[in-house]
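Grab a coffee and open the viewer. Here are a few exercises to work through, each with a solution you can follow step by step.

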Amino acid sequence: MVNPIVVGIIGAGRIGRLHADNLRVMPSFKLKSIAEAVVSEELLAWAESRSLGSVFVNGEAILNDPEIEAVFICTPTDTHASWIEQAARAGKHIFCEKPISLSSAQTSRALQIAEEEGVLLQVGFNRRMDPSFRKLKQLVQSGELGIPHIVKITSRDPQPPGEAYVRSSGGMFMDMTIHDFDMARYLMGEEVAEVYTRGANLVDPMFGRCGDVDTAVITLTFASGAICVVDNSRKAVYGYDQRVEVFGSQGSATADNCRPTTVEVSTAASVTRDQPQHFFLERYNQAFIDEVAAFAQAITLQEPLICCGLDGQQAERIAEAAMESHRTGLPVKLSACAGEGISVIQAL
């Protein structure tokens, strides 16, 4: 029997606690400690309710523990790269929430150090493990849909985040749409060559005050010429709207929203069914568990990571291009190789 992987979590916000609850019931892991910059009475009560013995103010305490083999980085985005570097130098395998950083230079440096230190770095694009999206990926890989021509991704949140979060998030393209950029690459199995964005403030003026948008349509053109259209909104009043379609030369396949039940009620007055599940914690609950299980397999069985640092970097580059396209109103080309930057293509 393989011994469980001893882990620590740096960052005890919503996503850190989600991972903590999942890790505690997974035989592949032993959650030893968690760190949070502000240790409140509420946090201590939460940790005690889960029999979690060690709660530190400083993440270095986790990195200095020789028993801990892997760390989960669940801190604010602008600290991710620094923690990756420190964890890598401490010889810990790393699971980092997206994005790796808000700077291409920081991300490149973090990936280089992780490679030099020989540690695994998995990025938390959990949607890759969603059963419906994995089925779409399999259909594309098998050739059943023929040559993919168009991918359509709809991703709309049920309600907008608060202003403090928006100001520190890196903006919608880096914080929210980055999941869709990764999904586009994952499904197509090729790189994005060009990005064109149209964004607007239609939900809340707060986003405009923060220099952000709350509504957007992004067109991605792949190296093969295939096209992906992503549409985003920060507020879908009917629930968490998550749909994907792949259209190819031999057919199409669609992943629809998940709902509490599949019951459809038909009367003379209307035809109704349940609204989509409320938000990402419900919609992607199993995907969060499965991505962590895959991380364990990569460590213990030396299997490939389901989402490596390069995947995270490429999604960030697309997000940067989307921001640049929104700023200039022009399409933006991406270089073929990671780390070579982006260039604005003048409109004809």
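**Exercise 1.** Which backbone oxygen does the side chain of K98 reach? Then work out whether K98 counts as buried or exposed.

*Solution.* Keep in mind that this is a predicted model.
- Step 1: find K98 in the loop that links β5 (93-96) and α5 (104-117).
- Step 2: follow its side chain, which gets to the backbone oxygen of D175 at 2.5 Å.
- Step 3: look around. Apart from neighbours within four places in sequence, K98 touches T77, H80, V123, G124, F125, D175, I178 and H179.
- Step 4: check the accessibility. Buried means under 20% relative accessible area, and K98 has 14%, so it counts as buried.

**Exercise 2.** Now try S224: does it count as buried or exposed? And which backbone nitrogen lies 3.3 Å from a polar atom of its side chain?

*Solution.*
- Step 1: go to the loop between β9 (215-222) and β10 (227-233), where S224 sits.
- Step 2: the relative accessibility of S224 is 53%, and since exposed means over 50%, S224 is exposed.
- Step 3: a polar atom of the S224 side chain is 3.3 Å from the backbone nitrogen of A226.
- Step 4: jump along the chain to H149. It is 75 residues away from S224 in sequence, yet their C-alpha atoms are 9.1 Å apart.

**Exercise 3.** What is the strand order in the open sheet of six strands? Once you have that, find the edge strands.

*Solution.*
- Step 1: trace the sheet across; the order reads β3-β2-β1-β4-β5-β6, and the pairing is parallel.
- Step 2: β3 (54-56) and β6 (121-123) each pair on one side only, which makes them the edge strands.
- Step 3: going from one strand to the next, the twist averages 25°.
- Step 4: zoom in on one pair. β1 (residues 5-10) and β2 (residues 29-35) run parallel and are joined by six bridges, with I10 facing A35 in β2.
- Step 5: add a helix. α4 (residues 80-89) lies across β1, β4 (70-73), β5 and β6, and runs at about 165° to β5.

**Exercise 4.** At what angle do helices α6 and α9 pack, and which residues meet there?

*Solution.*
- Step 1: select α6 (residues 131-142) and α9 (residues 177-188). They pack at about 35°, and their axes are 8 Å apart.
- Step 2: list the contact. F133, R134, L136, K137 and V140 come from α6, while α9 brings M183, Y186 and L187.
- Step 3: sort those residues by type: six nonpolar, two charged and no polar.

Methods: Residues are numbered from 1 along each chain as its sequence is written. This is a predicted model: local features need pLDDT of at least 70, side-chain atom pairs count only at pLDDT 80 or more; totals for chains, interfaces and linings use all residues. Side-chain values use heavy atoms; hydrogens and water are left out. Axes are lines fitted to C-alpha atoms, for helices over the stretch in contact, and angles run from 0 to 180 degrees between N-to-C directions. Helices (H or I, at least four residues) and strands (E, at least two) are DSSP runs, numbered from the N terminus. Contact means heavy atoms within 4.5 Å. Ala, Val, Leu, Ile, Met, Phe, Trp, Tyr, Cys and Pro count as nonpolar, Asp, Glu, Lys and Arg as charged, and the others, Gly among them, as polar. Buried means under 20% relative accessible area, exposed over 50%, partly exposed in between (1.4 Å probe, protein chains only). A polar contact is a pair of N or O atoms within 3.5 Å; within protein, one must be able to donate a hydrogen and the other to accept it, and residues adjacent in sequence count only if both atoms are side-chain atoms. Two strands pair if DSSP finds at least two bridges between them.
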